[in-house]
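Colleague: Could you take a close look at one loop for me, and then walk me through the rest from there? I have the model open.

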Amino acid sequence: MNIRVGIVTVTYNSAAVLQPFLASVRAQLGISVTLYAVDNDSSDDSVDLIESWDSGDVARVVIRSGANLGVAEGNNLGIRQALADGVDWVLLLNNDTEFEPTMIADLVEAAASTSASIVTPMIEGDDPPGSLWFGAGVLHPWQGYRATHVGAGLPFPAISEDSPVTRPTAYAPTCALLVAPDVFAAVGLMDPSYFVYFDDVDFCIRARRAGWAYQVASHVRLLHKAGSVTGKDRGAFTARWGIRNWVLVARRHATSPVQRAVSLLYIQAHLLAGSVRARDPFWRIRLRERAYLEGLRTARESRDIPGASAGEVVSRPGPIR
């Protein structure tokens, strides 16, 4: 049986990181892949690079969103098209990544051999080089579902022959997340109201509450150049969306009024402590408070995820294997 994987990646002024990513995609062995590249109205050469890319036997679908719809809805455009094309798996994948030629085949094999429906690889970071970026994750419900990467920053572990094929994790980011179509059918797609940040937390909570488990394939590796596109600083963009969406997750997913109240108090205390430690100027403190209030004002219910009406498939060269 020929297993087909739809790689969904969202570009937004991503030209600086695309060449190594595209080279990694083309080099994949032992698996049939189609790249679904959703461009969120980039002003650089992102689309030109993908459309002129010598993809070899790899099929590609380029979708222009027509506007910066955010990561969540960008992923949705790609997921919808991949599912419509009948792929066996959807791989949500950042394009600031590099990986070995058997990464996707190994990930699918690990999922199949353990009957897992949501699997992520071990993810190496570049700050510092050779460090662990993600190997396991935890959500903290009483802290507004704050997500932590266990052991992040420690030396990237070597592969052990005694390691299990997969091991459970409470949370995994969508940096590199292999998802079976049945999961989307049961849980829905990403919630576009998050735009960026915490959309993966929201999806994880919904999936796990519906009975789907997350697994890490500890022998499958990937390099993530974190922040290479969105930035690693504490800028206004990161502050606004990170805080707003943290509050949004806390409000939407708290299982009781007490948990909701404790979570919101924790977030406020965390922000205050961070501002004191960093000696933030007044404009940053004001920005954080506005983002906090924006999260409170946002509707409790997730928006209905629209159908595949947005986005235009503008190119589709190469065979779909």
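In which loop is Asp41 placed, and which strand and helix lie on either side?

Modeller: Asp41 is in the loop between strand S2 (32-39) and helix H2 (46-52). Helices here are DSSP runs of H or I with at least four residues, strands are E runs of at least two, and both are numbered from the N terminus. Before going on: this is a predicted model, so local features need pLDDT of at least 70 and side-chain atom pairs count only at pLDDT 80 or more, while totals for chains, interfaces and linings use all residues. Residues are numbered from 1 along each chain as its sequence is written, and side-chain values use heavy atoms, with hydrogens and water left out.

What makes Asp41 worth a look is its backbone: phi is positive, about 65 degrees, although the residue is not a glycine. Most residues other than glycine have a negative phi, and most peptide bonds are trans. Asp41 is partly exposed, at 48% relative accessible area; buried means under 20%, exposed over 50%, and partly exposed in between, with a 1.4 Å probe and protein chains only.

Asn13 makes a good companion, with a positive phi near 50 degrees in another non-glycine residue. Its loop runs between strand S1 (4-11) and helix H1 (15-26), and Asn13 too is partly exposed, at 29%. One more backbone oddity is the cis peptide bond joining Asp127 and Pro128, with omega about 0 degrees. Pro128 sits in the loop between strand S6 (118-126) and strand S7 (129-134).

Now the inside. The largest nonpolar core (buried Ala, Val, Leu, Ile, Met, Phe, Trp, Tyr and Cys residues joined through side-chain atoms within 4.5 Å) has 85 residues, and Val5 and Ile104 have the most contacts inside it. Helix H4 (residues 103-114) gives the most to this core, with 7 residues. Ile104 touches Val5, Ile7, Gln28, Ile31, Val33 and Leu91, leaving out residues up to four places away in sequence; contact means heavy atoms within 4.5 Å.

Two other buried spots are handy for tracing the packing. Ser218, in strand S12 (residues 214-224), is buried at 7% and touches Met122, Ser163, Pro164, Val165 and Arg167, again skipping residues up to four places away. Ala250, in helix H7 (residues 236-253), is buried at 0%. The C-alpha atoms of Ala250 and Tyr145 are separated by 6.2 Å, although the two residues are 105 apart along the chain.

As for cysteines, the count is 0 disulfides, a disulfide being a pair of cysteine sulfur atoms within 2.5 Å. The sulfur of Cys204 is 15 Å from the closest cysteine sulfur, in Cys175, so that is too far for a bond. Cys175 is buried at 4%, and Cys204 is buried at 0%.

On to charges: there are 8 salt bridges in the whole structure, each a side-chain nitrogen of Lys or Arg within 4 Å of a carboxyl oxygen of Asp or Glu. Arg206 pairs with Asp202, with the closest N and O atoms 2.8 Å apart. Both lie in helix H6 (residues 199-209), 4 residues apart, about one turn of the helix, and both are buried. Arg240 and Glu294 also meet in a salt bridge (2.7 Å, N to O). Since Arg240 lies in helix H7 and Glu294 in helix H9 (residues 282-297), this pair ties together parts that are 54 residues apart in sequence. Arg240 is partly exposed, at 32%. Asp280 bridges to Arg284 at 3.7 Å between the closest N and O atoms; Asp280 is buried at 11% and Arg284 at 9%. Salt bridges with shared partners also join Arg240, Arg244 and Glu294 into one network.
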